[in-house]
Amino acid sequence: MDYQLTGPYVGAIDEGTTSARFMIFKAGTDEVVCFHQIEVPSIFAKEGWCEQDPDVISKIVNDCIDNACRKLRALGGKIEDIVAIGITNQRESTVIWDRNTGKPLANAIIWLDNRTGSTIEELLKTIPNNARNINYLRPLCGLPLSPYFSGVKLRWLRDNVPTVKKAMDDGSAMFGTIDTWLMYRLTGGVKGGVHKTDVTNASRTMLMNIETLQWDPNLLKFFGLPRTILPEICSSAEHYGNIAEGSLRGIAIAADLGDQQAALVGQQCLSKGQAKATYGTGCFLLYNTGPAIVHSTHGLLTTVGYQIGRDAAPYYALEGSVAIAGAAFNWLRDNIGLIESSSDIEPMASKVVDSLDVYFVPAFNGLYAPYWNQDARGVICGLSEETTSEHIVRATLEAVCFQVRDILDAMHKDCKIPLGKLMVDGGMTVNNLFLQLQSDLVGIQVLRAKIAETTALGAALAAYKTVNPDYNMESQLSKSDKRIPFKPKVKPTERNLRYEKWKMAIERSLNWETSTLAQGERESFDGA
């Protein structure tokens with residue numbers, strides 16, 4: 001595309017689970033001028049654990065910024081024409097550091113880490129009347145008790161890392177999700193760095209009251225955590241601080257959103273009743289419920305969608321989270337060698353007309369919405385002598401589609417309004433076969449975004465809105481909206497029959513770790 005390389009520009013830091021990037025947009029548009037992306041390494045110290053080094057994340061982000069700025073200069077653009085930057089980040093991932101040194105006290109515990117089962121067991125014991133109700137805190141924070149969220153990870157750190165407990169007790173510990181950690185470092189760290197987050201990220205901690213949008217003393221008491229560790233909660237679009245050094249020195253950080261909420265903004269789902277799905281390591285569906293808080297009774301999360309300005313009304317969303325989407329193909333590649341790269345997926349799956357009744361539930365570390373079963377494990381059902389690697393690859397694509405249907409059905413039950421179309425983005429959406437399967441298996445139109453990575457776009461739009469309050473992001477973007485549609489091609493009877501078999505596969509995956517039948521079978525086998 002031929003860009004007129006004159007400002008203004010807006011930058012966006014997009015720090016995801018597997019990679020970080022810095023993207024530079026023409027201000028107020030979805031036109032990408034340039035970007036730089038670097039993979040982020042994860043650390044798997046034990047089964048079910050997933051960590052990252054906060055210092056490495058910070059360095060990678062700075063390297064992305066420097067390289068993208070060099071590319072902008074090479075194209076004839078000027079760094080001083082970048083009027084603001086926004087941050088979007090992997091949510092729930094938990095960083096804790098020392099306020100005196102600015103150094104991490106432990107590795108970041110990443111959102112999909114599953115180590116906190118024993119922590120949850122201990123917390124469940126504290127619920128009155130021995131109720132053991134994972135939804136006990138939902139009225140306050142909108143979330144079930146799950147290893148997914150930051151509050152549980154923080155409690156685990158307090159209980160298991162002595163240096164963290166000491167720092168919490170003496171008031172020297174600082175907590176943040178990845179956005180807070182990056183903002184702190186970028187604005188100076190121990191030399192005046194800000195300690196802030198936004199309502200979308202705070203809504204994923206289990207520590208913020210979903211109605212007041214402030215840290216809740218009852219939630220802190222439940223988790224046994226001190227108020228002193230927490231950042232200031234801000235709106236998603238306001239002036240957070242200025243970058244202290246480097247290529248962007250002096251430029252304002254003017255927006256902050258968790259990655260899925262940023263995609264909601266980037267997809268222009270800014271009205272009640274609109275929904276989007278983002279397919280990356282996991283898959284995340286957000287349904288905009290407007291200014292109204294909808295408490296799900298069908299396994300979904302209540303979360304803040306965005307708040308564009310300190311004085312603006314917050315918009316809420318229902319969310320369904322799938323832990324394993326694109327990560328299932330990493331497993332096919334790295335663990336069993338079924339594919340060599342992601343570019344093999346569509347050609348292989350296209351070699352067969354269907355999955356030959358193979359169903360794959362990739363519950364490697366439990367299932368998220370709407371099941372919330374941390375003891376579920378992965379299963380592949382329906383194998384026969386005719387099953388080939390192509391059938392399994394296709395079944396893996398369908399597994400993502402079926403999990404999305406699970407969530408859309410729950411959203412329909414909660415909101416009573418059938419969804420007519422689904423906006424989609426993320427790395428997996430480059431696969432045309434996958435999007436056709438998604439449309440076929442849920443029975444609605446699927447619309448692919450003009451650019452696959454809308455998380456960075458959402459952060460950039462919110463940042464530009466901060467520095468240019470008259471900017472109307474919805475009307476401006478609609479002028480260039482060129483979404484690619486995929487429409488259902490299968491009959492409802494076929495769709496529903498296949499979904500029934502998917503539910504059978506789900507039943508076989510649930511409670512695997514706690515199954516008394518499985519334990520009895522093992523004991524019987526050992527005795528034989």
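## Starting with a pair of strands

In which sense do strand S2 and strand S3 pair, and over how many bridges? Strand S2 (residues 19-26) and strand S3 (residues 32-39) run antiparallel, with seven bridges between them. Two strands count as paired here if DSSP finds at least two bridges between them. Helices (H or I, at least four residues) and strands (E, at least two) are DSSP runs, numbered from the N terminus. One bridge is easy to look up: Met23 has Phe35 in S3 as its bridge partner. Together S2 and S3 make a hairpin with five residues between them, and Gly28 in the turn has a positive phi of about 80°.

Before going on, a word about what you're looking at: this is a predicted model, where local features need pLDDT of at least 70 and side-chain atom pairs count only at pLDDT 80 or more, while totals for chains, interfaces and linings use all residues. Residues are numbered from 1 along each chain as its sequence is written, and side-chain values use heavy atoms, with hydrogens and water left out.

## The six-stranded sheet

That hairpin belongs to an open sheet of six strands in the order S3-S2-S1-S5-S12-S11, with mixed pairing. S3 and strand S11 (241-242) stand at the edges with a single partner strand each, so one side of each has no neighbour in the sheet. On its way through the sheet, S2 also meets strand S1 (residues 9-15): these two run antiparallel and are joined by seven bridges. Here Asp14 has Arg21 in S2 as its bridge partner.

Two helices sit against this sheet. Helix H1 (residues 54-74) lies across S1, S2, S3 and strand S5 (82-89), running at about 150° to S3. Helix H6 (residues 178-186) touches S1, S5, S11 and strand S12 (252-258), and its direction makes about 145° with that of S5. For these, contact means heavy atoms within 4.5 Å. Axes are lines fitted to C-alpha atoms, for helices over the stretch in contact, and angles run from 0 to 180 degrees between N-to-C directions.

## The seven-stranded sheet

There's also an open sheet of seven strands, again with mixed pairing, in the order S15-S16-S14-S13-S19-S20-S21. Its edges are strand S15 (301-306) and strand S21 (484-486); each has a single partner strand, so one side of each is left without a neighbour in the sheet. On average, neighbouring strands of this sheet are turned by 30° against each other, direction ignored.

Look at strand S19 (residues 421-425) and strand S20 (residues 445-448), which pair in the parallel sense over four bridges. Val424 has Arg448 in S20 as its bridge partner. Helix H9 (residues 259-266) packs on the sheet, touching strand S13 (275-279), strand S14 (283-290), S15 and S19, with its direction at about 55° to that of S15. Helix H13 (residues 432-442) lies across S13, S19, S20 and S21 and runs at about 150° to S20.

## A mostly covered helix

Now for helix H14 (residues 454-467). At 1.5 Å a residue, its 14 residues should span 20 Å, and its end C-alpha atoms are indeed 20 Å apart. The expected span is 1.5 Å times one less than the number of residues. Eleven of the 14 residues of H14 are buried, including Leu457, Leu461 and Tyr464. Buried means under 20% relative accessible area, exposed over 50%, and partly exposed in between (1.4 Å probe, protein chains only).

## Salt bridges

The count of salt bridges comes to 25, where a salt bridge is a side-chain nitrogen of Lys or Arg within 4 Å of a carboxyl oxygen of Asp or Glu. One of them joins Glu51 and Arg115 at 2.9 Å, N to O. These two are 64 residues apart, with Glu51 in strand S4 (residues 51-52) and Arg115 in the loop between strand S7 (108-109) and helix H2 (117-125). Glu51 counts as buried at 10% relative accessibility, and Arg115 does too at 8%.

Glu319 and Arg204 also meet in a salt bridge, at 2.9 Å. Glu319 is in strand S16 (residues 315-322) and Arg204 in the loop between helix H7 (199-202) and helix H8 (217-223), so the pair ties together parts that are 115 residues apart in sequence. Both Glu319 and Arg204 are buried. Salt bridges with shared partners join Arg91, Glu92, Arg204, Asp259 and Glu319 into one network.
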